[in-house]
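Biologist: I am new to this structure and should be grateful for a close look at one single part of it. Please describe that part together with its surroundings, and explain each term as you come to it.

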Amino acid sequence: MVILMSLKNQRFGQGLLESLYKPENSDLLSQLNERRYKKRHILFMPHSKEDLVFIVKEGKLRVYLGLDGKELSLVLLGPGDIYTSHTRAYVVAMEDSVVLTCPVFKFYTLATKNQGFSLPLFMSLGKLLSGSISLIENLYFYDIDKRVAAYFYEEALVHGDETDDGLLVHVGLTVDNIATIVGSSRQTVSSLISGMEKDGILKKVARGEYLVKNMDELKYLAHPCPE
């Protein structure tokens with residue numbers, strides 16, 4: 001069963017950023033260093049010597065494992081998501097991005113002193129874990145057609161903006177990027193998207209932007225078995 005982040009419109013990551021910029025957390029904010037990265041730049045590699053916590057301020061990052069030319073996506077990070085530099089994974093910018101970094105021990109010491117920061121921090125970590133499990137589960141247990149449908153369904157469920165014609169979803173990714181995330185080729189993913197467009201399920205309205213016209217049908221494609 002696809003694990004869905006069904007807390008629509010609850011922007012946990014944005015909540016973390018909002019909390020970070022509150023006056024009572026100024027001591028923590030003052031210890032964060034801003035770094036800017038261009039699209040496709042690898043921020044961190046396996047066993048990075050830097051022992052950092054980082055929070056995404058702008059952009060979108062992909063965390064993945066890589067071996068012998070093969071890649072396994074672990075999680076996507078967006079504004080407000082938190083991660084560390086010293087895992088066995090690669091972290092790459094999928095678009096121009098800005099992150100706020102801090103040494104792990106210093107971050108832990110300051111964060112634990114600010115009780116008001118703890119709740120949004122744990123909520124962001126919970127969102128990160130849920131998204132990671134969902135991504136890995138889809139890759140291992142579902143065929144590519146269901147993985148593509150699940151990707152769009154979850155994006156629409158969490159980030160979709162209601163319009164008269166459906167849910168407008170700005171994924172901010174190319175078809176190549178989506179193919180990498182779901183573990184397939186650009187040609188296959190493009191063909192599946194075209195199929196959903198022909199069936200009236202979704203419509204590409206601009207680069208990286210889609211209109212989900214039939215959420216129920218998309219949900220069925222993503223996981224046809226009863227919940």
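**A sheet and the helices around it**

Modeller: The chain has 8 helices and 12 strands; both are DSSP runs numbered from the N terminus, a helix being H or I over at least four residues and a strand being E over at least two. This is a predicted model, in which local features need a pLDDT of at least 70 and side-chain atom pairs count only at pLDDT 80 or more, whereas totals for chains, interfaces and linings use all residues. Residues are numbered from 1 along each chain as its sequence is written, and side-chain values use heavy atoms, with hydrogens and water left out.

Two figures describe the chain as a whole. Of its 227 residues, 45% are buried; buried means under 20% relative accessible area, exposed means over 50%, and partly exposed lies in between, with a 1.4 Å probe and protein chains only. Among contacts in the chain with a separation of 6 or more, 74% join residues 24 or more positions apart, where contact means heavy atoms within 4.5 Å.

The part chosen here is an open sheet of 4 strands, whose order is β9-β10-β12-β11 and whose pairing is antiparallel. Its edges are β9 (161–163) and β11 (202–206), each of which has a single partner strand, so one side of each is left without a neighbour in the sheet. On average, neighbouring strands of this sheet are turned by 30° against each other, direction ignored. Such angles are taken between axes, which are lines fitted to C-alpha atoms, for helices over the stretch in contact; the angles run from 0 to 180 degrees between N-to-C directions.

At one edge, β11 pairs with β12 (residues 209–212) in the antiparallel sense over 4 bridges; two strands count as paired if DSSP finds at least two bridges between them. Within this pair, Leu 211 of β12 is the residue opposite Lys 203.

Helix α5 packs on the sheet and touches β9, β10 (166–170), β11 and β12. The direction of α5 makes about 100° with that of β10. Helix α7 (residues 186–198) also lies across strands of the sheet, namely β11 and β12, and runs at about 110° to β11.

From the sheet we may follow α5 to a helix partner. Two packed helices are described by the angle between their axes and the distance between the axes. For α5 (residues 144–159) and α6 (residues 175–182), the angle is about 115° and the axes are 10 Å apart. The crossing of α5 past α6 is right-handed: a crossing is given this name if the near helix is turned clockwise from the far one by less than a right angle, and is left-handed if anticlockwise.

On the α5 side, the contact comprises Ile 144, Arg 147, Val 148, Tyr 151 and Phe 152, which meet Ile 178, Ile 181 and Val 182 of α6. These residues divide into 7 nonpolar, no polar and 1 charged. In this division Ala, Val, Leu, Ile, Met, Phe, Trp, Tyr, Cys and Pro are nonpolar, Asp, Glu, Lys and Arg are charged, and the others, Gly among them, are polar.

Helix α6 is itself mostly covered, with 6 of its 8 residues buried. They are Val 175, Asn 177, Ile 178, Ala 179, Ile 181 and Val 182. Just beyond the end of α6 comes Gly 183, which takes a positive phi of about 75°.

Two residues later in the chain complete the view. Met 215 lies in helix α8. Leaving aside residues up to four places away in sequence, Met 215 touches Tyr 153, Ala 156, Leu 157 and Leu 167. The C-alpha atoms of Met 215 and Phe 152 are separated by 9.7 Å, although these residues are 63 residues apart along the chain. Phe 152 is also one of the α5 residues that meet α6.

His 223 is found in the segment after α8 (215–222). The relative accessible area of His 223 is 6%, so this residue counts as buried. Between His 223 and Ala 149, which are 74 residues apart along the chain, the C-alpha separation is 8.6 Å.

In summary, α5 packs on the sheet and also packs against α6, while α7 lies across β11 and β12.
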